[in-house]
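This report examines one helix of a protein model, together with its salt bridges and the aromatic rings around it. The structure is shown below.

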Amino acid sequence: LMEAEYGVVMPRRLQVEFSAEVQKWTDAHGGEMTAPDLWSLFDATYLHAANAGVQYVEHHLFEHPASSGKAHVQGIRLGLKINGQSMLLSGEGNGPIDAAVHALQGAGIHVQVRSFEERSTKASTHAANAQACAFVELVPTEGGTERYGVGLDHNIVTACIQALISGVNRLGLVPTDEPADMAA
């Protein structure tokens, strides 16, 4: 239904993860889910979680070109709200996701990316036009259970960063105390 009605083609491990959420819903509500019910659950679980302690605000990318034997470096300034507090974090890496992972470390959020996929959604009866859909599977750096995050936006980089933030929230890695030097 997610693919046919909304154009979202999920990676297999995300299908397994989301099926557990669907099972909880059907156990609580009984019966089968309609396509709008399924989308509403997917949206609330991955895209717009009500209890999201980390919220995406904006990002700005910058680059340091390769020079004298050093590899190209991607940088990011990442605007977030963490527990309602505005924060501006910076990080560098080999691409936007790696840079965002390093930026999150400044807020005490330590994750590793296990897998990453991006696709465009297919136009359907419910979607006026295609969007970029990013799927990021994360695990806490200290180890633990993997969780997926999902981002959906017209800009693929924005979708990727939203997926990273979605995964952080799904893992429950929201810091309880704001680092004093990170407030915006």
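By about how many helical turns are Trp 39 and Phe 42 separated in helix H3? The two residues lie three apart in helix H3, which means a separation of about one helical turn. The model discussed here is predicted.

## Helix H2 and its surroundings

Helix H2 comprises residues 12-29, 18 residues in total. From its first C-alpha to its last, H2 reaches 25 Å, close to the 26 Å expected at 1.5 Å a residue. Just after H2, Gly 30 adopts a positive phi of about 75°.

The buried residues of H2 are Leu 14, Glu 17, Phe 18, Glu 21, Val 22, Trp 25 and Thr 26. What covers these buried residues includes two helices, H3 (35-47) and H5 (156-171), and two strands, E5 (132-140) and E6 (147-153).

## Salt bridges that tie H2 to other elements

Five salt bridges are found in a search of the whole structure. One of them joins the side chains of Arg 13 and Glu 137, with an N to O distance of 2.5 Å. This pair links distant parts of the chain, with Arg 13 in helix H2 and Glu 137 in strand E5, 124 residues apart. Arg 13 is partly exposed because its relative accessible area is 49%, short of the 50% above which a residue counts as exposed. Glu 137, at 7% relative accessibility, counts as buried.

A salt bridge is also formed by Glu 17 and Arg 170, whose closest N and O atoms are 2.9 Å apart. Here too, distant parts of the chain are linked: Glu 17 belongs to helix H2 and Arg 170 to helix H5, 153 residues apart. Both Glu 17 and Arg 170 are buried.

## A salt bridge within H2

Lys 24 and Glu 21 meet through their side chains in a salt bridge, at 3.6 Å from N to O. Both residues lie in helix H2, and because they are three residues apart, about one helical turn separates them. An α-helix has 3.6 residues a turn, so residues three or four places apart point the same way.

Are the two partners buried or exposed? Lys 24 is exposed, with a relative accessible area of 54%. Glu 21 has 17% relative accessibility and therefore counts as buried, the limit being under 20%.

## Aromatic pairs and the ring cluster

The structure holds five aromatic pairs. Among them is the pair of Tyr 6 and Trp 39, which is stacked, with 4.8 Å centre to centre and 25° between the planes. The pair connects distant parts of the chain: Tyr 6 is in helix H1 (residues 2-6) and Trp 39 is in helix H3, 33 residues apart. Tyr 6 is buried, with a relative accessible area of 11%.

Trp 39 also pairs with Phe 42 in a tilted arrangement, at 5.6 Å centre to centre and with 35° between the planes. Phe 42 is buried, its relative accessible area being 1%. Ring pairs link Tyr 6, Phe 18, Trp 39, Phe 42 and Tyr 46 into a cluster. One of these rings, Phe 18, is among the buried residues of H2.

Notes: Residues are numbered from 1 along each chain as its sequence is written. This is a predicted model: local features need pLDDT of at least 70, side-chain atom pairs count only at pLDDT 80 or more; totals for chains, interfaces and linings use all residues. Side-chain values use heavy atoms; hydrogens and water are left out. Helices (H or I, at least four residues) and strands (E, at least two) are DSSP runs, numbered from the N terminus. The expected span of a helix is 1.5 Å times one less than its number of residues. Buried means under 20% relative accessible area, exposed over 50%, partly exposed in between (1.4 Å probe, protein chains only). Contact means heavy atoms within 4.5 Å. A salt bridge is a side-chain nitrogen of Lys or Arg within 4 Å of a carboxyl oxygen of Asp or Glu. Rings of Phe, Tyr and Trp (its six-membered ring) pair if their centres lie within 6.5 Å; planes under 30 degrees apart count as stacked, over 60 as edge-to-face and the rest as tilted.
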